[in-house]
Every structure is written in structure tokens, then in C-alpha cells.
Amino acid sequence: MNVSMYVAGLSISFLMLTSALAQTEATTALETIRVTGMQTEELSQPTAPKRISKEALEEAHVTDVGRALRQAPGVYVRDEEGQGLRPNIGLRGTNPDRSKKVVILLDEILIGPAPYSAPAAYYTPSVNLSEQLEIYKGFSALMYGPNSVGGMVNYISRPIPAEKTSSVDVSGGSYGSTNLKLLSGGKTSWGGYLLEGSHLSSAGFKKLDGGGDTGFMRQDLAGRFQWNLPDVDGRLQYVELRLGLGHEDSDETYLGLTEADFAANPYRRYKASALDHMKWDHQSAVVEYNRQLGTSGLWKMSLYRHNFHRDWNRFDRFGNTNISVKSVLLDPVGNDALYVDVLRGEQDSSAVGGSLGHIVLAGNDRSFVSQGLQSILMADSEFWGLSHQFKFIARLHQDQIDRNHTLDTYEMVSGQMQAVNLNEPYQLNQEWAFAKTLALQDDLRWGDWVFTLMGRGEFIDFRFRDKMAGTERSRSDAFFVPGAGALYQVSGNVSVKLAVNRAATATGLDAGGSERREESLNKEVGIKYLNDERTAEADLVLFENDYDNITGTCTASNSCQPGNLDQQLNGGGAKIQGIEARLGYSFRALKSWWPVQLNATLLRARFDNDFNSSNGEWGYGDVVSGDPLPYIPEVQYSLILGHEAGKFRQSLNILYQGSMADQSVEVGRRSIPGYTVVDWNALYNWSSTWQFFGKVENVLNRNYLVAFRPLGARPGKPQTAMIGFKASF
Amino acid sequence: MRVWILVAALIGFGMLSCSEDKGSPTPSKAQGDNPFPPGYEKADSSGEFTPKKMLLNVGVNILREDAREFLVESRELQSALQLTCSSNDSDFEVNWGKSQEAWKKAMLTYHRLEATAMGPLTENKADVQSKIYAWPYLNDCSVDIEVEARTRGANKEVSVLSTNVRGLGVLEYLLFDSSLKSRCNLRANPQIRTWNEKADLEKRRDRCHQAQAYADDIAVQAEKLDRGWDTEKGNYSYTLTNGTKYRKMDDAVTEFVHGLFSIEKLKDQRMARPLGLHKLCSNDEKKCPEDAEHNLSGLGLLAIKAQIQAFQKAFFGAEDLDSRAFGLDDYLIQAGHPEAAQEMKVAVRHLNQNLEQVLSLGRLDEQIHQMSAEDCKASSIQDRRVPLCALYQDVREITTLLKTDILVILSLKAPPGYQGDND
């Protein structure tokens, strides 16, 4: 069946379901979605975020944050294992690798494992326990650090329900996928509480040569306890304790496929990845004091600590360290083809130079601590004839990573991996950072104008201790990034905005003495429109991030050569220009509401200087001005066709992601072709207790290539269907 | 007996005639004839030094000549094997020996080419290189399977075989393995059990026929290589220097220098690993003679010698270190660093002297078997308690000079992915 027939069939089913359900009684009708994004106040707020709403996230039962984020313009996500376990998020042209150039927050608290000393986000909050997402880009992300050139993503956890509620949310479907969510909570005389649990698992959609597990299981527990304190002058104050526990067990690998094997079966996994296994545990505690100030002011003081421990045993390389696994997989000719045969288990290591053909697994055991004290003060004031809205953030933060890396060597013998040498010490070190952050924002209102002045200062101490070599290095960095913007509210429905800011990403101790901050000058102009009924919206932003120096990190996930591993490298000047647009329109027809939303992102991300790259992220060789930054799609469109009729709601999400370059260096550069993915989800509110839902991801069951990273060709998720129910009582 | 010799000579003559038909190498043009367009630099090291003249000298006068010699020898190997396979039982042994000698000659010439692995040899991810000689990759069981399959007419075309089941390394196994017992797991490959039980001569004949097919394939690869360097065909020396492949001459020089980095493989794989000085050798005895090259033919040290001499020839532009032929030494002098050129000269002379001593001590694998791993580790350029291990240190001295002084002085990049992993 060709694609057009498929789409036609789908559209007809969609309409039939529509008219049938439009007849149903609306006693338990769902809240009407007008347009999914914009709120009226956003027209007058220069730093308002883009939101992935509760309907688009929680009620659509999204489990992969990447699928939700790509509904917003300016956000692109590089899939890795297809399940959203380790999303690679990029904003406004930042490299999406491990989301390390994006600030990840949970309820405005830094949640990455070690955002300063090791920003690669191997942990992201559970989407199951999140209600909404906020996306701050460019200028609007200036207040938060450390790596906010592109922007940040703030996960908003579920609030304590106003009434005592408990719910069970269960679903299951393709590839043995299960998703279970339990919730109980409500307001009490002393405050309130919310307890949540989540279990998400799948047997995996990839098939290991010779059989074996390729699935995952993630479990999260969260507790939220609020104690009301006596009001002060009639203003609320309370203390909240938020606790979180998380655990993941997944048979995930860095190892992908050759292009020929991908074409034959994209869901294959080579034998050499049979022992690959990721396991992590996360503990989190936040104590927060909240106090209402004035009519709309707020003071929030948070003390937080997150512990994260991960151990990823995974295929890393061959015994022959001169062999690049990436090169072997991308171009398996000559002797390189022998190594692919070893990966498949079709040749014994002994036939490929004995120990040269051995398979080396990295045992990457890492412990992270991230802790701090953060104070956020928001207050209104009037002086000099102007109305001021202040936001002040002060943060003391310390984080660290302890790496205990070992190597396990195996020999491929008759298609089986036989241990040769286990637990060989490889790296034993600690990176540590202590950061003091001060940020201030002042929105000055003058008639229909809002002038915004803001700035963030960071004072950071880094320390690196090599426990094997017995050496220690340290350095300090301090910088201030200012920004200014002007918003003019043309009418009650239209506003225009202009902003400019400096942005920076701190560089730790990974550049062997040539540490240089990533710095850019960001400019943006935008226009927003929202009609009075909130049924039509338009949002257009043009931006340019002009980097004085763009940095990249050479990591195993971008095929770094062993000598440069974990090195931060400078790429010099680069320019990222883009257009982000959203059009939303909602109308009534056939006794139904039809919200339609189109998001478009056009990006041009190029180096504007010549240099020789020794960074796997950009490729090895000469980069010349005009070469593309890798894994940044030049275009991305998402079309969301919604429909709701009384108790029923459904949505068809069509995403097109344009082609991307696998590396900047022209020699050996490959293109990841553009692809279209269609997802569908539906919800039926049977009664106030029972809700039924279903979703199909990749409705058209398209096989598509998402990346050649970490090692080799990797597929997107195949067609996956889930159905379930939610009982609330 | 005389009749048989006459017959063999006639067959040999016939084969040579056949190989002529396939297109025998034509004599190369006299050096004085410029094979390039009018006005182009000559490859004769006259006048003032330029990097371009250096590349033309190395390309035309060294690598082109070596490629031509390898083609001639690969055809001689073909002929020798044809003669061997068709000879009767009484002549078989003698002709087998001749085939072995022909293989040795071709192998040593190939080692010279591999010492400056560049151009037609390494294009397309070293396609030709890996098809001619894939060492240390060898799948002897798969070779045995092919040998047995050929007896039933069920063998695969050599062109579809993996690189570790073809090439000069496989020929060494077929021609020099005296055990004549397959390395295959007989339970997994029951057909080999029957083959193992054959008479030795019969097994040699089977191997000979398979070797012939491999030799034919090697000759095809040798033709590609020769064509690539031939100034009237591929003329890679011209492609390298005329600005079409590299806009900047520095990049062309970089390719040449990266070719010389093959000496890293000599240091790490051919020497350090069997000597137990490389992390890839991690057994209890702390030495790995089984990983030495050419253990079957005993050619290991001569192979090292061939590579060192070829490195020296390419580096200095000619076999004679003091000749006027343009090489990297002249480039260093032009760059204002005659001391670096002199340092390399001293290191190479020192290495050559010590190499002769090591050669007189016996085969490579035997010397490794006899040495003490601890003494080997303690050996240095000054403390030569194990001459072979001290020789490794001499080679290391050269690779250090290449990687540090020379790259820095000439502002060239080290080859990606080949930093040398034993320093």
C-alpha cells in the first residue's frame, strides 16, 4: 500500500470516528482545547516560554520527551534508542549530543546529573511524572545557566490536586510495552501531599543476532508534601518537600549498523552488543520555602540534592585501537569488513589478528552529585514613573562526577563472546565544580512598551583529580552575560519584540590548558498574534546566534578517538540563523472542535571560520567556513490536527524533519535523509472515573534513519500501538 | 628426466607467452623523458628544492619503480605456481620450492611498497592494500574450506572472499604450512575431516590449485597498483602534485608523510606486539612470538629490513643517504632545520648497522622464543642486552623524530587515528 492510500485511509477513519463520537453526550466533556500554545499574557511577556501543554503531554500519554518537544518550533531531538531514554535535545542550533548544551530543569531546579562538571544529561526527568514542559530559548533563557546559549527545558511536575484523588493509569501494547502510573494525593488541613509511581517497560523492538534482551524498564517514585505555615499579613507561605527515586535497567548499546545491514533490517542488533547494559539509580530531595509577596510577588528558597549513579557496560571498540568503529561501520571495505564480521559474530577474533580483533567493552561506572541552594525572588514595584517587575535568582551550586571506568575484553568465538580479561582499570578520576550564580531581570513597563534588562553572572571553580595518575588541576572562570529587549504591544492582539543578549557556556577542565568559553551574541525579533477568543494564534521569531567561539566535546558517543576522549575543543566562529513559526487555528464544525497547529523551524547553522578539527563531534579533518554544524536539521515542520467532540479527543501529529549532516568535515560527511513520522493518540472520557485511551506511534510504519551516532546507523521507532485506561477515584 | 625438464621449460615458456598476452609491463620511460605536460617539474632532483620535486622524485623514481617490480614478481609467482601445479610428482617438490622463492621475492618487494603506503595502494580505504596483503588478518580455516571446496568445484570466486582469505598472507600459509592439517573445528566442518585424511602430496596439490587462484588475484591487484603509478596511465605522481587532488602542496606532502607513518605499524605490530612490549600482548609469558609476522616462511626479519630500507629510501629520496635526490631531508634543510635532517640520518644509519647484527642471530620468532621478556623490556638504545628489543628502540627513535620534530618543523598534521599506541 502506498503512502497516499495509507493517509487517505487514515483520514477517512479519523473522520468516521469523528462524526460517530460527535453524537455522544457531553456530560463528562473534556476541557476544550482552543489553541494549544499561547496564553493571553504571553503577548506582553518578553521572556515567556513555549509550552507543551498538559493535553499534549500527559493526556496524550507521551513517554518519549523527544516526541513532545518536537511539537514546538526551534526544538529538534536526535533519537538514539527510539524509546526516549536518553534524549539528545538541541535548541536553536546547539548540538543535541546528550543535551549537554541545554539547561534541564525540574520545577526550576537544575536536574542534570552534574550540569557544570559533566553536562551530558544521562538522566532526564520522567515524562510520566510531568504535567507540562516549558521551553525557553535564546534571550528568555538568559537567567538560567550554565549552558544556555540555545536555551533550556523546564519539566513541570504534577501539582498537588485540589481535591483528594487517586488514579491508576495502565496501558500496554506492541513489543511488550507496558506503562503503569499510580497517583494519590490532595489538599489536607496541614497542606497537602502527592504520591506518584511509574513503571515503563518494553521488550524492545530490536532483534539481537542469536537472540537476547534489547528492552528496558524504568521506574520512578515521587512524593510531594506541602506544609502550610501561618499567613503573614494575609499572604500565603508554605514549605514543600519533594522526594524522587528513579531506576532504569536497559539493554541499550552504542552499537548501530552498517548502511547495508540497516537497509536489509534496521531493527537488527549485532552480536557484539549482546552484553551491553545500562543501569542507573537516581535520588532527589528538594526542600522549598515559598512565600507570597505583595499582590503578585513570590519568594522561593530551595535546598536541593540529587544523587545519580550509572553503570553502562557497552561495546566500545576493538582490541586494535587504530581501528575507528565509526569508519568501519560507515565504510566496511577491505580489512574493515573483517571487523564488521566480528561484530556480527561471523568471524572469530582469531581470524582478525587475534587480540586486534578482540571486542572491548567499556564499564563506565559514574557517580554524580548535584546540590545547592537557590533563591528566586519575584516582585513588582513602581519608581521613576515606571512599573517594574523584578526577578532575581541567586544560586550556590556544587556538583561532581566520579568516574570509575574499566575495560572488559572479549573474544568472538563461533558467534559467542568469551571473556579474555575483565575489569581492567581504565579511568579513575573526579571532576568537581562549585558555582555562584546571580541573575537579575527587570521588566520596565511604560505604556504599551515593556523594556527588559537582564544579566547573569557566574563565578565557577573547577577541579579535576586524576586518581590513577595522582595529579590534580584546577581553574576558575567568571563571566557576565547581559541582555536587553523591548516589547511593544501594538494592540490587544499583537505584540512585537526585539532582543539582544550575550550568551556563554562555561568550559571546565577538559581542554588540556586551552580552555576557552563558548560565547555568542544572540539577536532575535518576533511578532505574536492571539485573537480575543484564543482560537487563532501566530508567532514568528527570527534569530541569529553569532558565536565567537563554539565548543564541542569529544565523547565516545560521537566516535572520539581514544587520545582525545572527553576533551573540550574549540571550533572558533559559527553562525546560526533561524526562523521559528507557529500558526494555530481552532474552529467548530460537525459538532466538534478542530484545533490545528503548524510549527515550522528553518535553521542555517554553519561554521564561519576555517580550522582543523580533531573532534569526533565535527569530524576529523579540515572544516571550512560554510560547513554545517552536525545533527541540526535545516527544516522541521510539525502539523498537529486535533479533534474533540464531547467526551472524545484525538490528535494526529505529523512531523517532518529535514536532512542533517552527520559531521562538519566535508571528507566523509554523510547526510541523514529527511523523514516524516505520523503519530496518533485518542482519549475517551467514559465517565468521571473511567477514561480510555490509545495511541499509535509511527502510524505509517516507516523505517527511517535517525543518526549514525553513537556508532553506526540507527533507526527510529517502528509502528507501536498502545491502549489503556485510567481510573480516577 | 631431460624430457621432463624440456616439457616443463616449454610449459613455462608457454605461460610466459600467455602472460605477455595479458599485457606485460612495458619498460618505463627513461628518466630524462618528462612524463608530464610541457613546463611541468621534472622528477630528476635538479635545480633548487621544491616540495613538488620531492614528491615527483618519490612517486616516479621510487614508488612507480617498486610497483612495476611488484607486478613483474607477482606474474613470476603466477607462472611458478602454474608450473608447480602442473608438474608431475617427481618434479613437484622442486617446483614447490621455486614457488616459495617466487613468493618470497614478491613479498619482500611488496613490503617496500607498504613502507610508503599512499596513493593507489591506499585509495578507497586501502582496498588494493588489503587485497594484496591483509596481515595480521588470516582466517586459515576459511582458506582450508576453500581448498577443499575447490576439489569439488564448489569454491567461491576469489574476488568475493574476505581479505583474510586471500592475498600474499594466505599464500604464505598455503606454501609454507608443513603440518598440512587444517585448523578448522572438524565438528563444525566435517568435510575437512575427509580432506585431512588425504595423502600429503595430494593435499599439497589441492593447496597449489587454490594458491594459483590467489596468485591470479594478486596479479590483478598488482596491475591496478602499477597502472596507478604508471606515468602513462594513472600517473598518480602527477595527480598528487598538479593541484587537482590537493589545492595546497602542503596537503600533498601530508599524504606522503602519512604514508611514511606506516613505520608505526612496523614498530607496534611487527615488533612491539610479538616482543611483548605492546598492550595487545598480555599473556603470562609477557611475549607473543606467535604474533610475529612470517612465522611460517621465516621471512620476518627480512620483511622488517625491507620496510626500513624502503622508509629510508623514501625519506631521503634515494637509497644513498647522501645522494642529491630530493627527499624530506632536503625539505627540512630548506625549512632551516638541517640538524633535524642530520638527526634522522644518524638514527637511520644506527638502525641499519644494528639490523645486520640482528639478522645474523636467526629468525625473528626464534629470537623471541629464546629471549627473556624482562631483558627485552630493559633493553634500550644504549643497553642492547636483547639486540632485537634494542632494535625496536632504534625504530622507536625514528618514529619519535617523525612524529615530533618533523611534523612540527614542516607544520604537518599527524595522520588521524594513527597516533601510535605504544609510546
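Which elements of chain B cover the buried residues of α6(B)? The cover includes α2 (51–86), α3 (89–114), α4, α5 (140–151) and α8 (200–229) of chain B. This is a predicted model. Chain B comes to 17 helices and 0 strands. Chain B also meets chain A, with about 2000 Å² buried between the two.

**Overall build of chain B**

- Chain B has 423 residues, and 56% of them count as buried.
- The radius of gyration of chain B is 23 Å. A compact globule with 423 residues would have a value near 22 Å, so chain B agrees with that expectation.
- The C-alpha trace of chain B spans about 65 × 60 × 40 Å along its principal axes.
- Many contacts in chain B reach far along the sequence: of those between residues at least 6 apart, 73% join residues at least 24 apart.

**Helix α6, a covered element**

- Helix α6 of chain B runs over residues 168–176. It is mostly covered, with 9 of its 9 residues buried.
- The buried residues are Leu168(B), Gly169(B), Val170(B), Leu171(B), Glu172(B), Tyr173(B), Leu174(B), Leu175(B) and Phe176(B).
- Among the helices covering these residues are α2 and α8 of chain B. A salt bridge described below links these two helices.

**Salt bridges within chain B**

- Side chains of opposite charge can pair when their charged atoms come close.
- Over all chains, the count comes to 88 salt bridges.
- Asp226(B) pairs with Arg68(B) in a salt bridge, and their closest N and O atoms are 2.7 Å apart. This pair links distant parts of the chain. Asp226(B) sits in helix α8 and Arg68(B) in helix α2, 158 residues apart.
- Asp226(B) has 5% relative accessibility, so it counts as buried. Arg68(B) is buried too, at a relative accessible area of 14%.
- Asp144(B) and Arg207(B) form another salt bridge, with the closest N and O atoms 3.4 Å apart. Here the link runs from helix α5 of chain B to helix α8, across 63 residues of sequence.
- Both Asp144(B) and Arg207(B) are buried.
- Arg152(B) and Glu148(B) meet through their side chains in a salt bridge of 2.8 Å, N to O. Glu148(B) has a relative accessible area of 7%, so it is buried.

**Interface with chain A**

- The contact takes 21 residues from chain B and 28 residues from chain A.
- Three residues, Lys125(B), Tyr137(B) and Leu280(B), supply 33% of the area that chain B buries against chain A. That is more than any other three residues supply.
- Of the area buried between the two chains, 42% is on carbon and sulfur atoms.
- The count between chain B and chain A is 2 salt bridges. In one of them, the side chains of Asp336(A) and Lys125(B) meet at 2.5 Å, N to O.
- There are 13 residue pairs in polar contact across the interface, both residues being at pLDDT 80 or more.
- Two elements of chain B give two or more residues to the side that touches chain A: α4 (123–132) and α11 (262–275). α4(B) gives the most, with 3 residues.
- The residues on this side of chain B divide into 7 nonpolar, 9 polar and 5 charged.

**Two positions to locate**

- Gln312(B) lies in helix α12 of chain B, residues 300–316. Its relative accessible area is 7%, so Gln312(B) is buried.
- Leaving out residues up to four places away in sequence, Gln312(B) touches Gly317(B), Ala318(B), Glu319(B), Leu321(B), Val348(B) and Asn352(B).
- Ala199(B) is in the loop between α7 (190–196) and α8 of chain B. At 45% relative accessibility, Ala199(B) counts as partly exposed, because that class lies between 20% and 50%.
- The C-alpha atoms of Ala199(B) and Val72(B) are separated by 34 Å. Along the chain, these two residues are 127 residues apart.

**A network in chain A**

- A network of salt bridges links Arg78(A), Glu80(A), Asp97(A), Arg98(A), Lys100(A) and Glu617(A).

How values were computed. Residues are numbered from 1 along each chain as its sequence is written. Chains are lettered from A and ligands numbered from 1 in the order in which they are written. This is a predicted model: local features need pLDDT of at least 70, side-chain atom pairs count only at pLDDT 80 or more; totals for chains, interfaces and linings use all residues. Side-chain values use heavy atoms; hydrogens and water are left out. Contact means heavy atoms within 4.5 Å. Buried area is the accessible area (1.4 Å probe) that two parts lose on being put together, summed over both. A salt bridge is a side-chain nitrogen of Lys or Arg within 4 Å of a carboxyl oxygen of Asp or Glu. A polar contact is a pair of N or O atoms within 3.5 Å; within protein, one must be able to donate a hydrogen and the other to accept it, and residues adjacent in sequence count only if both atoms are side-chain atoms. Helices (H or I, at least four residues) and strands (E, at least two) are DSSP runs, numbered from the N terminus. Ala, Val, Leu, Ile, Met, Phe, Trp, Tyr, Cys and Pro count as nonpolar, Asp, Glu, Lys and Arg as charged, and the others, Gly among them, as polar. Buried means under 20% relative accessible area, exposed over 50%, partly exposed in between (1.4 Å probe, protein chains only). The radius of gyration is taken over C-alpha atoms; the globule rule is 2.2 Å times the number of residues to the power 0.38.
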